[in-house]
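Visitor: I should like to learn how to read the charged pairs and the DNA contacts of a model. Could you guide me through them?

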There are 2 protein chains.
Amino acid sequence: MSAAPQFTGWQAIQAEVLRRIHAREWPPGQTIPGEVALAQEFGCARATVNRALQALAEAGVLERRRKAGTRVALHPVSKATVTIPLIRQEIEERGAAYGYRLLRRQEGTHAMLTGPALHVTALHFADDTPFVLEARHISLSVIPQARNETFHEISANEWLLRNASYTSGDITFSAQAASAEVAQHLGAETGAPIFVMDRMTWDGEAAITAVRLSYVPGYRIRTVIGGS
Amino acid sequence: MSAAPQFTGWQAIQAEVLRRIHAREWPPGQTIPGEVALAQEFGCARATVNRALQALAEAGVLERRRKAGTRVALHPVSKATVTIPLIRQEIEERGAAYGYRLLRRQEGTHAMLTGPALHVTALHFADDTPFVLEARHISLSVIPQARNETFHEISANEWLLRNASYTSGDITFSAQAASAEVAQHLGAETGAPIFVMDRMTWDGEAAITAVRLSYVPGYRIRTVIGGS
DNA sequence: TAGTGGTCTAGACCACCTG
DNA sequence: AGGTGGTCTAGACCACTAG
C-alpha cells in the first residue's frame with residue numbers, strides 16, 4: 001500500500017506537480033509556471049516537462065491553453081474508466097466456471113439496424129447460476145456471415161469479437177425492473193432491480209449490432225479513479 | 001458526420017495505423033513493423049511514430065512490449081470513460097433549473113470512516129422535480145471544517161470540491177430497489193429500480209467521504225467508446 | 001545477448017490565443 | 001504582437017525481455 005515508487009524521468013516531474021497541487025502550493029484555478037521555467041527548475045529538457053504536464057492535462061488535473069498557460073483545473077473532472085471485459089473473462093476472473101446457453105435465434109428486423117437482422121438471445125452462467133442475459137441484434141447486411149453461425153457453442157459476444165471490428169460505440173447503463181421473461185431467465189422476481197447495459201457499435205456509418213445485457217440482481221460495476 | 005479531419009503529424013500516423021487495422025491489413029494478434037521501419041516508411045522521426053503508437057496502446061488498440069514488438073490487441077479491451085460531472089452541471093446541461101434542499105445533517109460515525117463523521121442527506125432537483133438523492137458521510141477528523149458548514153445553501157457535493165482534494169477514489173454502479181425513504185424523496189414507488197452510484201474518496205491513506213447517489217427512475221448514464 | 005520500445009535532449013518551427 | 005503550448009527532429013542512452 002505504501003511502497004515507494006521512486007519515480008524517475010517525466011513521471012517524477014508529474015509526481016512533483018501533483019504534490020504541489022495537493023499541498024495547495026498551486027491551488028485550483030491558479031496558473032502554474034510555464035514549461036521553460038519548470039524545465040529550468042527541474043534541470044531537464046522542455047519536452048520532458050511537456051510530457052508530464054500533457055499526461056496530467058489528459059487526466060483532467062490541468063487545463064492547458066496556448067498563450068494562456070497551464071492552470072490547475074477548477075473542477076477536477078472525475079473521469080472514471082470502466083473496463084468492459086468479455087463476459088467469459090468477467091466470470092472466470094471471479095473464479096467461477098463459465099457456462100453458456102443459447103435461448104433463441106431468429107431473423108427479423110431492428111429499429112436501429114438497416115436491413116435484415118439476426119436476433120440472438122442467450123444466457124451466460126457463472127457456476128451454473130445465471131449471470132447475465134444477452135439480447136442481441138446483428139445486422140445481416142453488414143455481417144452476412146452471421147447467418148452461417150448457429151451461436152450454439154459460441155456466444156455472439158465472442159463471435160463478433162473475432163469476426164467484426166468497430167470504429168465507435170455507445171454504451172448506456174441504467175436500472176430496469178425485471179420483466180417476466182428476464183426475471184425467469186435470471187432466477188429473479190418480476191420487477192426486481194436489474195442492472196442493464198445497452199451497447200451499440202458501428203463500423204464507420206454502418207450499425208453492426210445492438211445488445212442489451214441484463215445482469216443478475218446484485219451485480220455491480222466497479223471502477224477506480226485518481227484525481228486531484 | 002463526415003467532416004474530413006485531415007490529420008497531420010503524429011495523428012495522421014495514428015489514423016493510418018488504425019486504417020490498416022480496420023482493413024485487416026494488420027489482423028488482431030499480428031506483430032506490426034517496428035518503430036524504426038515505420039518512421040522510415042512515413043518519412044518522419046521515430047519519436048513521432050512512438051507518439052502515435054503509444055497513444056494507441058493507451059487506448060487498448062495495441063499491445064507493446066520491449067523486444068517483442070508491437071502487436072494488434074487480440075481483445076480490443078473496450079474501455080469506456082465515464083465522466084462524473086458535478087450534479088449541478090449535469091442538471092444544467094440538460095437545460096433544467098438546478099435546485100437543492102438539505103434534508104438532514106447530523107453527526108455520527110460510519111463504518112468506512114475513522115473517527116467522527118458528518119452525515120448529510122440532501123435532494124437535488126431538476127426543474128423542481130427530484131433528480132438525485134445524496135446520502136453522504138464526511139470524515140470530521142480529516143475535514144474538520146465541515147463542522148462549520150450548514151450545507152443549507154451549498155451541497156456537500158460542491159463544498160467538498162472547494163475544500164478538499166483527493167488522491168484516489170472508488171466508484172461502483174448498481175441497481176437497487178428503492179427503499180420506502182428513497183422512494184418517497186424521489187417521488188417513486190417503493191421497490192422501483194434505482195440507479196445507484198456509490199463513491200468513496202481518499203486523500204492518501206485517509207478516507208475523506210463516502211457517498212451514495214440514488215437517481216430518479218429512468219436515469220441512465222451514457223458513454224462513448226472508440227475501438228478497433 | 002541482441003533487438004525492441006521507453007525516454008531524454010537541444011534545438012527548432014509553428015499554431016494559437018490572450019492582452 | 002508576442003508568449004505559450006504543440007509538435008517535430010536527429011541523435012543518443014537505457015531498460016526490458018524474448019530467444
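Guide: In this predicted model, the side chains of Glu158(B) and Arg88(B) meet in a salt bridge, with N and O 2.9 Å apart. The two residues are 70 residues apart in chain B, Glu158(B) in helix H5 (residues 156-163) and Arg88(B) in helix H4 (residues 87-93), and the pair thus links distant parts of the chain.

Visitor: Why does Glu158(B) count as buried?

Guide: A residue is called buried when its relative accessible area is under 20%. Glu158(B) has 8%, and therefore counts as buried. Arg88(B), at 32%, is partly exposed.

Visitor: Which residues of chain A meet in a salt bridge at 2.9 Å, N to O?

Guide: They are Arg88(A) and Glu158(A). Arg88(A) belongs to helix H4 and Glu158(A) to helix H5 of chain A, 70 residues apart. Arg88(A) is partly exposed at 32% relative accessibility, whereas Glu158(A) is buried at 8%.

Visitor: Which residue of chain B forms a salt bridge with Arg222(A)?

Guide: The partner is Asp170(B), and the closest N and O atoms are 2.5 Å apart. This pair crosses between chains, from strand S11 (residues 220-225) of chain A to strand S8 (residues 168-177) of chain B. Arg222(A) is exposed, with a relative accessible area of 56%, while Asp170(B) is buried at 16%.

Visitor: How many salt bridges does a search of the whole structure find?

Guide: The search finds 24 over all chains. Salt bridges may also join into a network, as they do for Glu16(A), Arg19(A), Arg20(A), Glu25(A) and Glu41(A).

Visitor: Let us turn to the DNA. Which residues come nearest to DNA strand D?

Guide: Of the 23 residues around the strand, the nearest are Arg46(A), Arg64(A), Gly9(B), Trp10(B) and Thr48(B). By character, the residues of this surface divide into 10 charged, eight polar and five nonpolar. Helix H3 of chain B gives the most, with four residues.

Visitor: Which parts of DNA strand D lie within 4 Å of the protein?

Guide: Of the strand's atoms within that distance, 66% belong to sugar or phosphate, and the rest to bases. Individual contacts illustrate both kinds of partner. A polar side-chain atom of Arg46(A) lies 2.4 Å from a base oxygen. On the phosphate side, a backbone N or O atom of Ala45(B) lies 2.7 Å from a phosphate oxygen, and a polar side-chain atom of Arg65(B) lies 3.3 Å from a phosphate oxygen.

Definitions and conventions
Residues numbered from 1 in each chain as written. Chains lettered and ligands numbered in written order. Predicted model: local features only at pLDDT ≥ 70, side-chain atom pairs only at ≥ 80, totals over all residues. Heavy atoms only, no water. Salt bridge = Lys/Arg side-chain N within 4 Å of Asp/Glu carboxyl O. Buried < 20%, exposed > 50% of the residue type's maximum accessible area, 1.4 Å probe, protein only. Near = heavy atom within 4 Å. Polar contact = N/O pair within 3.5 Å; in protein donor to acceptor, adjacent residues only side chain to side chain. Nonpolar A, V, L, I, M, F, W, Y, C, P; charged D, E, K, R; others polar.
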